[in-house]
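I opened my notebook to look up how this chain is held together inside. Here is what I wrote down as I went.

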Amino acid sequence: QVQLVESGGRLVQAGGSLRLSCAASGRTFSLMALGWFRQAPGKEREFVATISWSYSTTYYADSVKGRFTISRDNAKNTVYLQMNSLKPEDTALYYCAASNRAIVTMTPDWYDFWGQGTQVTVSS
């Protein structure tokens with residue numbers, strides 16, 4: 001099994017930056033894709049970004065493209081989400097997810113493991 005633990009979420013002012021981390025443990029050798037999702041109160045969970053565990057391929061939601069950057073450090077079994085130019089609409093609980101079936105995907109059903117989430121609040 002794979003366990004994921006997110007960290008780095010906090011209160012930040014609009015226009016500021018924040019970096020989230022997701023540490024993976026367990027059977028990480030089977031991982032193919034790592035992704036970030038978020039869910040705001042009263043809204044559905046939405047895709048944010050994804051990256052291949054073995055390649056440099058990345059994919060972003062249109063709402064964060066150009067502002068967020070996903071990266072990973074295989075040696076540390078960690079994936080990051082660098083968030084710049086934060087907006088109030090970025091406020092949400094951010095989840096880290098991992099897939100052992102897809103190289104890179106924005107579809108939640110393709111992710112096999114999920115973290116517990118870290119809260120990001122952007123004040124205006």
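Which residues is M83 in contact with, leaving aside its neighbours within four places in sequence? I found G16, S17, L18, L20, R67, F68, Y94 and V120, where contact means heavy atoms within 4.5 Å.

A note on the source: this is a predicted model, in which local features need pLDDT of at least 70 and side-chain atom pairs count only at pLDDT 80 or more, while totals for chains, interfaces and linings use all residues. Residues are numbered from 1 along each chain as its sequence is written, and side-chain values use heavy atoms, with hydrogens and water left out.

Next I looked up the largest nonpolar core (buried Ala, Val, Leu, Ile, Met, Phe, Trp, Tyr and Cys residues joined through side-chain atoms within 4.5 Å; buried means under 20% relative accessible area, with a 1.4 Å probe and protein chains only). I noted 35 residues there, and W36, L81, M83 and Y94 touch the most other members. Two or more residues each come from β1 (2-7), β3 (18-26), β4 (33-39), β5 (46-52), β7 (68-73), β8 (78-83), β9 (92-99) and β11 (118-123). These strands are DSSP runs of E, at least two residues, numbered from the N terminus. The largest share, 5 residues, is from β9.

Then I checked the cysteines. My count is 1 disulfide, by the rule of two cysteine sulfur atoms within 2.5 Å. It joins C22 to C96, with S to S at 2.0 Å, and the link is left-handed, at -80° about the S-S bond. C22 sits in strand β3 and C96 in strand β9, 74 residues apart. Both ends are buried: C22 has a relative accessible area of 1%, and C96 has 0%.

Terms used
Buried means under 20% relative accessible area, exposed over 50%, partly exposed in between (1.4 Å probe, protein chains only). Helices (H or I, at least four residues) and strands (E, at least two) are DSSP runs, numbered from the N terminus.
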